[in-house]
Amino acid sequence: MEVKSTVNETGSVSQEQTKPSSDGAVVQTRSQPFYKGRKAIVLCVVAVVACVAVVMFNHSHGAQDAKIQAPEPVITVTTEKVAPHLMKGVVQVNGTVWAWDPLTIGSEVNGLRIETIYVDEGDKVKRGQVLARLNASVLNAQLAEEKAKLAAQEATLKRTIQPNRPEDLVSLQAAVYQSESAVAEAETMLVKAKANLVNAQNNAHRYRGLIGQGAVSQLEADQKDTEAKTADAETRNAEQKVRTAKFQLEQSRQRLIMGQQGGRKEDVDISRATVAQMKANVQRLQALVAQSVIKAPSDGLIMRRDAHLGEITAVGKALFLMVRDNRLELRAQVPEVDLPLIHPGQRVEITDSTSSSYKVEGKVREVSPMLDQDMRLGTVRIDLPVSEGKQAHIFKPGNFAHATIDIGDRTPLAVPAASILSREHRSFVYVVNADNTVSTRDVKTGERVEGYAEVVSGLNPGETVVVRGAGFLKGGDLVRVGQ
């Protein structure tokens, strides 16, 4: 068969095929134009590409649907269960070294000049040792004056109690005897006066009777009446003299008794009160003179000296600051969450901030009953050991130091410290659920020891938390748990 191509008038290409017939004749066949064949081929290719695209599109959506139906884990993590963990109970604290009982020593006397200073900062002193001496010349003069006044007042008291000498008592006794004699004489005169009165009255009565008989004259009778009246007056005068003599006798006796027994009680009491006042003044001045010598109230160390020669003292102004008995303590500030764990008597390891290799063992002495309301910190006082060697050289008042308080072994719930994350002032962990998704759980932690953190609240025993890889997760993520 032979194919022959020709170009017609329109510019189209046509093909003619010739092939021999069965009888040997040649048969000519005309084919379709060539461009119509190419169009069919292009359409077939487009149809095939479209079919492939549809298949691939369906396959892609099917894969995505499969992925949605079976999501892949975000990350492979390691986990650990929440369980009790043996912890050596310690609380780490910081604080300042200070005197166990700081003693502020000053003057109790105003206006005295410091005359001598015997100690300086860093000196160790004994109880009663003289630290400084003040000028007490004015006080000594006042004291001498008061002592003289006291001596004079004591003499006055003695005279008030016993005002008369022995010769004075003899005179008083003689006065009593004289008064007794005067009383006796007056009583005798009274007896005579009474006798004369009776006689005169009798004569006057008899003469008045004789007048009627004419035996006596009226003049004589009147004369007898006058004598009787005179005798009566003399009797009354004698009675008055007796009373006067007896009164004088009583006074003489009282003077004698007072001379023998002493002065009046009121005078004695007043004199004794004056003596007591004088003694109090003397004692006050003696105390002021004694206070002009500044002494150490206890054994200890002079921590600071504020006294200077020639300075005028004032009550309330410190001259020396002393560490009592050379005892120092660490005043540590402890958060309120740790404060209930600390008790007096617990062992403490103390490290100086300037020499971490130097450590001493102390003991908790006191836990403050009050917290700072702003910082929420309590003060724990820790006794430092008293020694004359390194401790006195290393630890000084004002040093900053670290301390580790041993609160005893315990087994609280704990998780690895790496599992705890902090964000926005809160602590949380990722808990692995049964379907391997994670959820966020806020926790409250306590002590951290050897890579583990105590769980105070937020987790239950047996729950699983993410340890490694927790920082790349968010709540609801699917995780693969690794070994």
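These notebook entries record what I looked up in the structure, which is a predicted model.

**Entry 1: two helices**

I began with helix α2, residues 137-161, and helix α5, residues 265-291, which pack at an angle of about 160° with their axes 9 Å apart. Because angles over 145 degrees count as roughly antiparallel, I noted α2 and α5 as roughly antiparallel to each other. I also looked up the handedness of the crossing of α2 and α5, and it is left-handed. I then went through the residues of the contact of α2 with α5, which divide into twelve nonpolar, nine polar and seven charged.

**Entry 2: Ser271**

Next I picked out Ser271, which is found in helix α5, and asked whether Ser271 is buried or exposed. Its relative accessible area is 5%, and because buried means under 20%, Ser271 is buried. Leaving aside neighbours within four places in sequence, I found Ser271 in contact with Gln153, Thr156, Leu157 and Thr160.

**Entry 3: the nonpolar cores**

I turned to the largest nonpolar core, which has 29 residues, and listed those that touch the most other members: Val125, Leu131, Leu139, Ile294, Ile302, Phe320 and Met322. At least two residues of this core come from each of β8 (102-106), β11 (130-134), α2, α5 and β14 (318-324), and α5 gives the most, with seven residues. In soluble globular proteins, nonpolar side chains tend to be buried together.

I followed Phe320 further and, not counting residues up to four places away in sequence, found that Phe320 touches a list of residues including Leu103, Ile105, Ile117, Val119, Leu131, Ile294 and Ile302. The list for Phe320 also has Arg304 and Arg305 in it. I noted besides a second, separate core of 26 residues, which includes Leu330, Ile350, Tyr358 and Ile382.

**Entry 4: the loop between β21 and β22**

Last I looked at the backbone of the loop between β21 (421-423) and β22 (426-432), where Glu424 lies and where His425 is found as well. Most residues other than glycine have a negative phi. What is phi of Glu424? I read a value near 55°, which is positive in a residue other than glycine, and for His425 I read a phi near 60°, again a positive value in a residue other than glycine.

I checked the accessibility of this pair too, and since exposed means over 50%, Glu424 counts as exposed at 67% relative accessibility, and His425 counts as exposed at 89%.

Methods: Residues are numbered from 1 along each chain as its sequence is written. This is a predicted model: local features need pLDDT of at least 70, side-chain atom pairs count only at pLDDT 80 or more; totals for chains, interfaces and linings use all residues. Side-chain values use heavy atoms; hydrogens and water are left out. Axes are lines fitted to C-alpha atoms, for helices over the stretch in contact, and angles run from 0 to 180 degrees between N-to-C directions. Helices (H or I, at least four residues) and strands (E, at least two) are DSSP runs, numbered from the N terminus. Angles under 35 degrees count as roughly parallel, over 145 as roughly antiparallel, 65 to 115 as roughly perpendicular and the rest as oblique. A crossing is left-handed if the near helix is turned anticlockwise from the far one by less than a right angle, and right-handed if clockwise. Ala, Val, Leu, Ile, Met, Phe, Trp, Tyr, Cys and Pro count as nonpolar, Asp, Glu, Lys and Arg as charged, and the others, Gly among them, as polar. Buried means under 20% relative accessible area, exposed over 50%, partly exposed in between (1.4 Å probe, protein chains only). Contact means heavy atoms within 4.5 Å. A nonpolar core is a set of buried Ala, Val, Leu, Ile, Met, Phe, Trp, Tyr and Cys residues joined through side-chain atoms within 4.5 Å.
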